[in-house]
Amino acid sequence: MPKTVLTFGTYDVFHVGHLRLLRRAAELGDRLVVGVSADALNVSKKGRAPVFTQDERMEIIAALEMVDDVFVEESLDLKRDYLVEHGADVLAMGDDWEGRFDEFSDICEVVYFPRTPSVSTTEVIEHIASGGVSP
Ligand code: C2G
């Protein structure tokens, strides 16, 4: 049986921190499935729409060589359903979520990776908005 790894994320303004997280996640198994958060979910939970739409974000993620399947994460409360539906053996997330998904360790292995330091979508947006002036 192939080992399936699942990870969730927004992946807005795709950057090297995202790439490294997906690479590490893929190395944990044979198949990597990515739940990309819906635009509506970002508006309701973070109070702002992503720069790129969910279709654009999904198109980028699906094109990556280490990604086998993508789906839209419509609700933060459906994680268990998504894990079961996609047959996840492992749930992999960055350690900004450390401990937050331990409740799913009854149905899969839960792994947290260290975030890549000094890069985030928010900082990229702020950098561009400032006209590229370093802080
Ligand atoms: N990441 C990372 N290093 C960074 C930035 C992000 O390792 N410098 C990781 C995050 O820890 C996450 C993934 O990249 O595992 C995607 O990051 P985001 O797009 O910021 O995802 P997020 O909005 O945290 O996910 O159910 C969770 C939601 O989908 C939200």
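## Elements and ground rules

Helices (H or I, at least four residues) and strands (E, at least two) are DSSP runs, numbered from the N terminus. With that in hand, L6 can be placed in strand β1.

You are looking at a predicted model, where local features need pLDDT of at least 70 and side-chain atom pairs count only at pLDDT 80 or more, while totals for chains, interfaces and linings use all residues. Residues are numbered from 1 along each chain as its sequence is written, and side-chain values use heavy atoms, with hydrogens and water left out.

## The ligand and its shell

Let's start with the pocket. The ligand occupies the space of the largest pocket. Here a 1 Å grid is laid over the protein atoms alone; a pocket is an open set of points with protein on both sides within 12 Å along at least five of seven lines, as opposed to a cavity, where a 1.4 Å probe fits but cannot get out, and lining residues have an atom within 4 Å of a point. A molecule sits in a cavity or pocket if more than half of its atoms lie within 2 Å of its grid points. Two elements, β1 (4-9) and α1 (16-27), each give two or more residues to the shell around the ligand. The largest share, three residues, comes from α1.

Which residues come nearest to the ligand? Of the 19 around it, they are E73, K79, D96, T116 and V119; a residue is near if one of its heavy atoms lies within 4 Å of the molecule. By type, the shell holds six nonpolar, eight polar and five charged residues. In this scheme Ala, Val, Leu, Ile, Met, Phe, Trp, Tyr, Cys and Pro count as nonpolar, Asp, Glu, Lys and Arg as charged, and the others, Gly among them, as polar.

## Polar contacts to the ligand

A polar contact is a pair of N or O atoms within 3.5 Å; within protein, one must be able to donate a hydrogen and the other to accept it, and residues adjacent in sequence count only if both atoms are side-chain atoms. An N or O atom in the side chain of T10 is 2.8 Å from a ligand oxygen. Y11 contributes through its backbone, with an N or O atom 2.8 Å from an oxygen of the ligand. For D96, a polar side-chain atom lies 2.6 Å from a ligand oxygen. Taken alone the ligand exposes 640 Å², and the protein buries 93% of that (Shrake-Rupley areas with a 1.4 Å probe; for residues, only the protein chains shown count as cover).

## The loop between β1 and α1

Y11, D12 and V13 are placed in the loop between β1 and α1. Y11 has a positive phi near 55° in a residue other than glycine, and V13, also not a glycine, has a positive phi of about 50°.

Is D12 buried or exposed? D12 counts as buried because its relative accessibility is 4%, where buried means under 20% relative accessible area, exposed over 50% and partly exposed in between (1.4 Å probe, protein chains only). Y11, at 6%, is buried, and so is V13, at 18%. The D12 side chain reaches the backbone nitrogen of V51 at 2.7 Å and that of F52 at 3.0 Å.

## Two more sites

Back in β1, L6 is buried, with a relative accessible area of 0%. The C-alpha atoms of L6 and V72 are separated by 13 Å, with the two residues 66 apart along the chain.

S130 lies in the segment after α5 (121-129). S130 is partly exposed, because its relative accessible area is 36%. A polar atom of the S130 side chain lies 2.8 Å from the backbone oxygen of H127.
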